[in-house]
Amino acid sequence: MTENATTPSLRELNKRRTREAISHAATRLFIEQGFDRTTIAEVAAAAGVAKMTVTNHFPRKEDLFFDLHEELVVRLAATVAGRAPGESALAALRRDCLAGLDRQDARLGFSGPEFARTVFDSPALGARLRELHEQGETALAEALAEAVHERPVGFECRVAAALLAAVDRAVFAEVFRRTLAGEEQTAIATAVRPSAVRAYDRLEGALGSFAVREA
């Protein structure tokens, strides 16, 4: 019997389990000891794997902590690429952001106080988080350029991406700030949502008809 192409192989499942075990062990150690004081060798020992296995799965130490880094980078671009017929980039991103707030999505900063404190206490993690947001903005500009058939990526798409990504980044920062202040996650989502709505409303005049997907 042939294996279904959509079904992960045993090797792939084992790789995923190993990656998850490493990520969980690393997060626990980083929160307990601090990111900068924890070594890759300690993470490997805690996960029961070789040090090289850790670096094969996570070439950068920071990404042991931000295990959703790839999803964080592609989220905005993927939302634009998947927008519905007749939907603008702004409308798609507004919809995705508000839905993320409602479900308290980790990609919008919902991470728990220990996680947020670990990031706040580590300059390396703070720098990596800023880098991830910048990469997300670049990917968004490329998605917008694709949507309006602009190659290479031009000034208009870079400006639009900067404005749209700024709302997302501000939401993330506010969620993080309130998490550090000890607020409960449902209360954070409720408090931040109206501000996000107003921010997108203010962009409507400039970008409401930009990159509308053809019906």
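**Note on the H8–H9 packing and the enclosed cavity**

1. In this predicted model, helices H8 and H9 pack against each other with their axes 8 Å apart and at an angle of about 140°. Since angles over 145 degrees would count as roughly antiparallel, H8 is therefore classed as oblique to H9. The crossing in which H8 passes H9 is right-handed.

2. The contact draws, on the side of H8, on Leu129, His133, Glu134, Glu137, Leu140, Ala141, Leu144 and Ala145, while H9 contributes Cys157, Arg158, Ala160, Ala161, Ala162, Leu164, Ala165, Arg169 and Phe172. Sorted by class, this contact of H8 with H9 comprises twelve nonpolar residues, one polar residue and four charged ones.

3. As for enclosed space, a search of the whole structure turns up one cavity of 30 Å³ or more, and the largest cavity holds about 70 Å³ of space. Its lining is formed by Leu72, Arg75, Leu76, Leu132, His133, Gly136, Glu137, Ala165, Asp168 and Arg169.

4. Which helices each supply at least two residues of the lining of the largest cavity? They are helix H5, spanning 69-81, helix H8, spanning 123-147, and helix H9, spanning 155-180; of the contributions to this lining, that of H8 is the most, with four residues.

5. By class, the lining of the largest cavity divides into four nonpolar, two polar and four charged residues. The two descriptions can be read together: His133 and Glu137 of H8, and Ala165 and Arg169 of H9, take part in the contact between these helices, and His133, Glu137, Ala165 and Arg169 are also among the residues that line the largest cavity.

Technical notes
Residues numbered from 1 in each chain as written. Predicted model: local features only at pLDDT ≥ 70, side-chain atom pairs only at ≥ 80, totals over all residues. Heavy atoms only, no water. 1 Å grid on protein atoms, 1.4 Å probe; cavity = no way out; pocket = protein on both sides within 12 Å on 5 of 7 lines; lining within 4 Å. Points joined across faces, edges and corners; volume = space filled by probe spheres on them. Nonpolar A, V, L, I, M, F, W, Y, C, P; charged D, E, K, R; others polar. Axes fitted to C-alpha atoms, helices over the stretch in contact; angles between N-to-C directions. Parallel < 35°, antiparallel > 145°, perpendicular 65-115°, else oblique. Left-handed = near helix turned anticlockwise from the far one by under 90°. Contact = heavy atoms within 4.5 Å.
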